[in-house]
Amino acid sequence: MVIMTMTSSPAFLPVLERIAEEIGRTPGRGRPADYIPALAACDPRSFGMAVAELDGTVYGVGEWRQPFSTQSITKVFTLALDLAREGDELWEHVGREPSGNPFNSLVQLEYEQGIPRNPFVNAGALVVTDRLQTRTGDAAGELLSFLRAESGNTSLDFDGEVAASESQHGDRNAALAHFMASYGNIDNEIPVLLDQYFRQCSVAASCADLALATTFLARHGIRADGTRLLTRSQAKQVNAVMLTCGTYDAAGDFAYRVGLPGKSGVGGGIIAVVPGRCAICVWSPGLDERGNSVAGVAALDRFTTLTGLSVF
């Protein structure tokens with residue numbers, strides 16, 4: 001395999017075009033998430049991919065400007081927003097280890113006395129949202145403001161239909177929240193927390209939006225306006241947890257194939273970070289049995305193979 005060296009910025013576009021062409025020929029693209037009607041209706045063959053450089057230049061192919069349901073991808077941004085406010089105290093309430101179990105599992109919480117294994121399983125994301133809610137009074141609103149600012153897209157918003165579907169099918173998340181509350185690891189009223197969490201997961205954004213919004217992690221914690229959100233060490237922490245825990249119980253395989261910090265969502269999106277270089281977002285709603293986009297993982301695998309860009 002010939003490595004295409006990134007000597008100039010526009011070289012990203014031929015790589016993306018080649019990936020899109022290869023993905024378009026690939027059969028078997030998985031199935032959309034079926035427990036949320038708005039997601040089940042998506043065409044599994046849809047595909048978009050964008051790369052955002054540190055200066056905000058963005059390149060894309062396919063349906064890279066088509067908004068989709070971000071779902072668990074937003075857990076990265078909520079984590080960063082809360083970590084910026086409370087620092088290491090957060091890690092007393094949520095762990096940093098891969099779970100090895102499905103993202104909505106109740107099993108480990110009882111063994112570990114209400115402390116979720118990491119911030120990206122549902123239980124861990126509920127804890128982070130709860131703590132951000134305590135510090136801001138509107139965790140979902142804080143998230144949305146951040147995404148609008150970093151992406152430069154002031155029209156980003158919640159999808160009420162998706163949030164309502166999440167709420168109607170939210171019994172397991174409610175059980176997780178109540179169980180953690182019984183151990184004193186939830187501060188807010190459960191209905192308030194669940195409303196914030198479901199709104200957070202319902203944000204609709206495009207590959208371009210999310211690639212741009214993720215570049216603060218490629219810039220080691222520096223936001224688009226030049227201000228610092230996270231210390232360099234904190235940005236490293238978020239990237240590390242993304243690498244080891246960001247793709248549910250398939251994180252090992254993702255690290256093996258892609259070699260970048262990444263976070264997936266059941267809407268079919270995946271964000272990834274090349275520290276010091278760029279951020280990437282890919283979207284294709286057909287999922288594998290672990291909830292990760294089949295074409296998305298394949299596209300990121302090809303990206304790191306073709307460019308040689310990896311943390312390893």
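How many positive and how many negative side chains does the protein chain have, and how far apart do the centres of the two sets lie? There are 25 positive and 35 negative side chains, with the two centres 6 Å apart. Lys and Arg are counted as positive and Asp and Glu as negative, while His and the chain ends are left out. Each charge is placed at NZ of Lys, CZ of Arg, CG of Asp or CD of Glu.

The model is predicted: local features need pLDDT of at least 70, side-chain atom pairs count only at pLDDT 80 or more, and totals for chains, interfaces and linings use all residues. Residues are numbered from 1 along each chain as its sequence is written, and side-chain values use heavy atoms, with hydrogens and water left out.

**Whole chain**

Start with the full chain in cartoon view. The protein chain has 13 helices and eight strands; these are DSSP runs numbered from the N terminus, with helices (H or I) of at least four residues and strands (E) of at least two. Along the principal axes, the C-alpha atoms fill a box of roughly 55 × 40 × 35 Å. The radius of gyration is 18 Å, which agrees with the value near 20 Å for a compact globule of 312 residues. That radius is taken over C-alpha atoms, and the globule rule is 2.2 Å times the number of residues to the power 0.38.

Now switch on the surface. About 12,100 Å² is exposed, and carbon and sulfur atoms supply 49% of it; the areas come from the Shrake-Rupley method with a 1.4 Å probe, and for residues only the protein chains shown count as cover. Of the 312 residues, 58% are buried. Buried means under 20% relative accessible area, exposed means over 50%, and partly exposed is in between (1.4 Å probe, protein chains only). Among contacts (heavy atoms within 4.5 Å) with a separation of 6 or more, 69% are between residues 24 or more positions apart.

**Gln 71 and Glu 166**

Select Gln 71, in the loop between strand S3 (68-69) and helix H3 (74-86). Gln 71 counts as buried because its relative accessibility is 3%. Its phi is positive, about 55°, although Gln 71 is not a glycine. Most residues other than glycine have a negative phi. The side chain of Gln 71 makes a polar contact with the side chain of Ser 69 at 2.9 Å. A polar contact is a pair of N or O atoms within 3.5 Å; within protein, one must be able to donate a hydrogen and the other to accept it, and residues adjacent in sequence count only if both atoms are side-chain atoms. Not counting residues up to four places away in sequence, Gln 71 touches residues including Tyr 35, Leu 39, Glu 166, Cys 201 and Gly 265.

Move to Glu 166, in helix H7 (residues 160-168). Glu 166 is also buried, at 8% relative accessibility. Neighbours within four places aside, Glu 166 is in contact with Ile 36, Gln 71, Phe 198 and Cys 201. Draw a distance from its C-alpha to that of Leu 260: the two residues are 94 apart along the chain and 29 Å apart in space.

**Ile 280**

Select strand S8 (residues 278-283) and find Ile 280 in it. With a relative accessible area of 0%, Ile 280 is buried. Apart from neighbours within four places in sequence, its contacts include Met 49, Val 51, Ala 211, Leu 260, Ile 271 and Phe 303. Phe 12 is 268 residues away in sequence and 11 Å away, C-alpha to C-alpha.

**Val 128**

Next is helix H5 (residues 122-136), which holds Val 128. Val 128 is buried at 2% relative accessibility. Beyond four places in sequence, Val 128 is in contact with Thr 78, Leu 79, Asp 82, Leu 90 and Pro 119. From Val 128 to Val 94, the C-alpha distance is 7.9 Å across 34 residues of sequence.

**Two loop residues**

Is Asp 55 buried or exposed? Asp 55 is exposed, with 63% relative accessible area. Select Asp 55 in the loop between strand S1 (48-53) and strand S2 (58-62), then show Thr 57: a polar contact of 2.9 Å joins the two side chains. Pro 191 lies 136 residues from Asp 55 in sequence and 40 Å from it, C-alpha to C-alpha.

Finish at His 220, in the loop between helix H10 (207-218) and helix H11 (232-245). His 220 counts as partly exposed, at 22% relative accessibility. Its phi is positive, about 60°, although His 220 is not a glycine.
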